[in-house]
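Notebook open, coffee poured. I wanted to look up the empty spaces first, then a helix pair and some backbone angles.

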Amino acid sequence: MATELAIRTEDLTKQFDRHIAVHGVDLAVAAGEVYGLIGPNGAGKTTLMRMLATAEEPTIGEIYINGERLLRDRSNANLKRLLGYLPDDFPLYDDLTVWDYLDYFARLYKLTAERRQRRLYDVLELVQLSTKRNSKIATLSRGMKQRLSLARTIIHEPILLLLDEPVSGLDPIARMQFRQIIKTLQEAGMTILISSHVLSDLAELCTSVGIMELGFLVESCQLQDLYQRLSRQQILISTLGDLEALKRELKANSLVSDIEILPGTNQIRVGFSGTEQDAADLLRSLIHVRLPITNFQCTQEDLETIFLKLGHQQAS
Amino acid sequence: MLAKIIDRVGDANPQIFRELKERLTPRNIAIAIVGSLIMQGLVLLYFYGQLPTPDSFNPVNTIINNNYCDFSFNEKGRTYDDLCKLDGAGHFFINWQRWQVDVFTCLSWILPFGLILSSVYMLVADLVQEEKRGTFNFIRLSPQSAQQIFAGKILGVPILVYIATVFILPLHLYLGCSAGDNILFLSSWYLAIGSLWFLLASAAVLYVLLGGVQAILTVIAVSCPLWMPIAAINSFASSAIDPRLSPVSTDVCWFGIAIASNAILFNTFGSICYLAASYGVWQALERRYLNPITTLISKSQSYVANLCWQLWIAGFVIPALALNHHYDAFSLGLLAGMDFTALSLLIPMLLPNKQALQDWSRYRRERVTQKHRQFWRRELVQDLIHNDKSPALLAIALNIAMAMVMWIPVSIVMLFNDFTHGINTLAGIGLGASVILIYSAIAHLGLFLNVKKRKLWITALVAGVILVPSLGAWFLSIIDAPTELVSFLLLFSPFAAMGTSQGGSSIFAAFAAQLAILAVLTHQLQRKIQLSGRSQTQEMGDGSKK
């Protein structure tokens, strides 16, 4: 059975005057996925998010949320209930209390009185703002305001969450808290589309990624596939013996490339294109020829390296 | 208690909930009530001070004149119509009904002015703040309808003004009844004021959605023309109480109904008109709420709205034409001017956004060349008539044609009464129509200006084209320039009908010149749109190949 798609776009394009912000994007995000959207500033991530959130009308192209098409110049009330959108800026009503603010949005999303109460308590607990429920929003810290915005975004239990740079401007602890909340939401089965410049966060959270450059979606796949296809594996080997002997032995292996002796150390870094089993075989062969190996560490290029390599390559 | 009420109201309309939560505190309510009572007290004190007092009475000189003395008192056949009279105890006979009428009339001015101007100010200020803060976008993303949100805004934001108003009503109602008014009339008065308030409050919301920002300027702009409807409503209010106070006209007829002959009828007619206009404003509100860059009304809506407007105008035109078998030229001129203004207002209402126009140009081309090449002309016409992203020239021309359906027969009827006047009117109508199309073409061309504040430039450009010939003609008339020149210049202005008195050749020359200008402008517009569409298509095509 084919996986149900939470988001599907067809030839989605947005043009501002002469500038094409989003260019013919065909996006497909399966239900339950955490999809990371990465790209430099001006790549079109925010415009894409805004179109998905119904905040911006596409120039051409179609958007399907949960299989249902977004209609132009229509209220799309049913679809809006499925969506939760957190933009990169999060204006709030400073004069309202945390509770009243969330209560207001719960009413906007037509939650019944009973469900509203329950959701308000649940959401405040999730974003760790229960103790602040009667505080005026103006008195909250930036991190708390960010969490409150997230609470507002999920108050109506959307099935699709669109988070645009949700951790920008947050300190490491607030970022960690935020990440934890997103993980909880993912476990609850929400589909999450998230854009961020902090790629290490995305690598930790996402199941799939899309790379945008100059308005084009240049890559869109499962994170594992991306690593497998594009992330070069590296092996760091330390020895107590002769580095040249080790180098010779490594050269003999066809899966090894780019051998580099790290200056001032007794370590060699090599590129490796084999599987985990091949790596194990390599280690076994080195020990077999009695090389005094003290460390054998397999690593992979991270998302940031892949993004830099791929984004610029594809766009150019 | 208060929280429970807000909660209940909030279940029906979340926007009211948000507005009331912020504003409806016991302190604010107390301020509103006390303020209202103080204002009423001050009004009463002022009018109480206008009464003649025995202390001011000089026994030597018994001639005292005061509005509120009972002049109808006669003493042994002598008439003292302009003198105050004393009773045996030395107190003046006071005409309390007149005093009550005056206090009632004063409150009848304060109440609508206070209600409407305060509401408009608060709504504009609040919505501007929402737009600036960016919070309004979140409301737009919710599944609530535009009606719910704006009804919540209109009812919730000025809630303290409404409370203050409610506390004036008992005194106003009491004075109205005491002054001799009946409940039915007072109800019609409240209905008329309420409808006017609703129209202006809705228009204030729309003003912000169109990019308006200055609350205080809006209030000034609204207060200037606001006295007119209020004066009309109040003059009939006075006439209902005391027929001597204000004229009741039987001349103003709408499809034969003398709407100004009766205060209740007048107020009801006014209310229906205000509510119908409010309906139009709400249609525009809904469109702009869903898509902030769309046209104010759709082309299809413009045809329906124009049809209703023409019917409304026809209601006044027909009696003016049939008046004693001799048409009322002044009224017809006034109505034609109103119609011209209304048709000109279609330009900003239907003018598409530049981006929309470019998109339409590009994708129409793609659609036509890829799928329906053989029928492109037919599709183009359909697009120009119905598609809101396409240029609005044809739609405006169609709306003008609808107006012509009424005005051409009118001029033919006039022609039978006075041939020259009829011909001049016909020419004036034709010239007026082509002038509107020229303004429209200029506004469209203004979309392609590479300037920052494009809307402002377009407004200035069209205003310039409207004003230059009019002011030029006025200036020439001041310096005693030849009448022919003044009239010829007027033919290119909104007052074209006034310049038709010079007769055939100049009218024909002006009409030919206008058509030539229109042809050049339309050609220029077509070229601009095509260029804009082509370049974008190529740009996108090049991008795809990469």
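**Second largest cavity.** I started with the residue classes here: the lining splits into five nonpolar, one polar and two charged residues. This is a predicted model, so everything I note is computed from predicted coordinates. The space in this second largest cavity comes to about 40 Å³. I listed its lining as A:P166, A:V167, A:R179, A:I182, A:I194, A:S196, A:D201 and A:L205. Helix 6 (172-187) and helix 7 (199-205) of chain A are the elements that give two or more residues to that lining.

**Largest cavity.** How many cavities of 30 Å³ or more does a search of the whole structure find? I got two. The largest has a volume of about 80 Å³. From chain A, its lining takes A:A53, A:K80, A:L83, A:G84, A:Y85, A:F105, A:Y109 and A:R152, and from chain B it takes B:F138 and B:L141. Two elements, strand 7 (83-86) of chain A and helix 5 of chain B, give two or more residues each. Strand 7 of chain A has the largest share, with three residues. By class, I noted seven nonpolar, one polar and two charged residues in the lining of the largest cavity.

**Second largest pocket.** Next I went for an open site. The second largest pocket has a volume of about 1,100 Å³. Its lining runs to 45 residues, and those closest to the centre are A:E57, A:D73, B:L290, B:N291 and B:P292. Which elements each supply at least two lining residues? From chain A, I wrote down strand 1 (5-16), helix 1 (45-52) and strand 5 (60-65). From chain B, the entries are helix 5 (135-141), helix 10 (263-290) and helix 13 (354-370). Helix 10 of chain B gives the largest share, five residues. I also checked domains: domain 1 (2-44 + 97-292) and domain 3 (311-545) of chain B each put at least three residues into this lining. The class count for the pocket reads 14 nonpolar, 16 polar and 15 charged.

**Helix pair in chain B.** I pulled up helix 15 (residues 393-417) and helix 16 (residues 419-446) of chain B, which pack at an angle of about 170° with axes 8 Å apart. Anything over 145 degrees counts as roughly antiparallel, so that is how helix 15 and helix 16 of chain B run relative to each other. Their contact has 17 nonpolar residues, eight polar and no charged.

**Backbone angles in chain A.** Most residues other than glycine have a negative phi, so I looked up exceptions. A:Q128 is not a glycine, yet has a positive phi of about 55°. I found A:Q128 in the loop between helix 4 (113-126) and helix 5 (142-154) of chain A. Is A:Q128 buried, partly exposed or exposed? Its relative accessibility is 41%, and the partly exposed class lies between 20% and 50%, so A:Q128 counts as partly exposed. A:D258 is another non-glycine with a positive phi, about 45°. A:D258 sits in strand 13 (residues 256-262) of chain A.

**Chain A overall.** Last entry, for context. I counted eleven helices and 15 strands in chain A. Its C-alpha atoms fill a box of roughly 75 × 45 × 40 Å along the principal axes. Of the 316 residues in chain A, 52% are buried.

Notes. Residues numbered from 1 in each chain as written. Chains lettered and ligands numbered in written order. Predicted model: local features only at pLDDT ≥ 70, side-chain atom pairs only at ≥ 80, totals over all residues. Heavy atoms only, no water. Axes fitted to C-alpha atoms, helices over the stretch in contact; angles between N-to-C directions. Helix = DSSP H or I, 4+ residues; strand = E, 2+ residues; numbered from the N terminus. Parallel < 35°, antiparallel > 145°, perpendicular 65-115°, else oblique. Nonpolar A, V, L, I, M, F, W, Y, C, P; charged D, E, K, R; others polar. 1 Å grid on protein atoms, 1.4 Å probe; cavity = no way out; pocket = protein on both sides within 12 Å on 5 of 7 lines; lining within 4 Å. Points joined across faces, edges and corners; volume = space filled by probe spheres on them. Domains from an automatic or database assignment. Buried < 20%, exposed > 50% of the residue type's maximum accessible area, 1.4 Å probe, protein only.
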